[in-house]
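Hi,

Here's the structure I promised to pass on. Have a look at it first, and then read my notes below.

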Amino acid sequence: ASAGIRGAGMKTAFGVITVLLALAFSAVAQPGPDDLWTQYRDAAIEADQQGRLLDAEKLLRAALALAETFGPQDKRLALTLNNLAVHCDGQGREDEAIAYHKRALALSQQLVPPDRDLTISTLNNLAMLYSHRGKDGEVEVERYYRKALELAQSAERIEPDRLERIL
């Protein structure tokens, strides 16, 4: 009888270990929010490059929903808004793109530490969007380009290619 109990105990112990290992591996296999955001972003870029624009937008919106949970001080939220704005601009949805860029700009200026490159990029994107509007956007174009240039010039070291993009 003791051999039967010992055998049953071993089977139970083996079963518990198997379940624990399965749980451990499933926890490792499931991406966390950081990895998932990166997967969404990378897949959106790939879909956009392949011309799968609806897929790209769905993935960008999924990345945005996830980035919203990270909070306003997380750079990924501003990056995602910037990416979504560029996508919308490519679809001819300028007003929507401007709204996303403005929100990204507000967030990038509040980051601690500040992200100068993200802010300059967003300012440039806004200026380019307003330039599509011709005379109606001239004031905004000048305002955003001027801010981008001032920010770049305030940097300790200005990369020549970055300054060239601003000008």
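Let's start with the pocket: which residues line the largest pocket? Keep in mind that this is a predicted model. The lining is made up of A44, I45, D48, A56, L60, N83, V86 and H87. Three helices each give two or more residues to that lining: α2 (33–49), α3 (53–70) and α4 (75–90). Sorted by type, the lining residues come out as five nonpolar, two polar and one charged. The space in this pocket is about 170 Å³.

Next, the core. In general, nonpolar side chains tend to be buried together in soluble globular proteins. Here, the largest nonpolar core holds 31 residues. If you want to find it on screen, try L77, L81, L84, Y100, L126, Y130 and Y144, which have the most contacts inside it. Helices α2, α3, α4, α5 (94–110), α6 and α7 (138–153) each give two or more residues to this core. The top contributor is α6, with seven residues.

That makes α6 worth a look of its own. It runs over residues 116–131, which is 16 residues, and spans 22 Å from its first C-alpha to its last, close to the 22 Å expected at 1.5 Å a residue. Its buried residues are L118, T119, I120, T122, L123, N124, N125, L126, A127, L129 and Y130. Two of these, L126 and Y130, are also on the list of residues with the most contacts inside the core. At the start of α6, D115 has a side-chain oxygen within 3.3 Å of the backbone nitrogen of D117.

Cheers

Conventions:
Residues are numbered from 1 along each chain as its sequence is written. This is a predicted model: local features need pLDDT of at least 70, side-chain atom pairs count only at pLDDT 80 or more; totals for chains, interfaces and linings use all residues. Side-chain values use heavy atoms; hydrogens and water are left out. On a 1 Å grid over the protein atoms alone, a cavity is a set of points where a 1.4 Å probe fits but cannot get out, and a pocket is an open set with protein on both sides within 12 Å along at least five of seven lines; lining residues have an atom within 4 Å of a point. Grid points are joined across faces, edges and corners, and a volume is the space filled by probe spheres set on the points. Helices (H or I, at least four residues) and strands (E, at least two) are DSSP runs, numbered from the N terminus. Ala, Val, Leu, Ile, Met, Phe, Trp, Tyr, Cys and Pro count as nonpolar, Asp, Glu, Lys and Arg as charged, and the others, Gly among them, as polar. The expected span of a helix is 1.5 Å times one less than its number of residues. Buried means under 20% relative accessible area, exposed over 50%, partly exposed in between (1.4 Å probe, protein chains only). A polar contact is a pair of N or O atoms within 3.5 Å; within protein, one must be able to donate a hydrogen and the other to accept it, and residues adjacent in sequence count only if both atoms are side-chain atoms. A nonpolar core is a set of buried Ala, Val, Leu, Ile, Met, Phe, Trp, Tyr and Cys residues joined through side-chain atoms within 4.5 Å.
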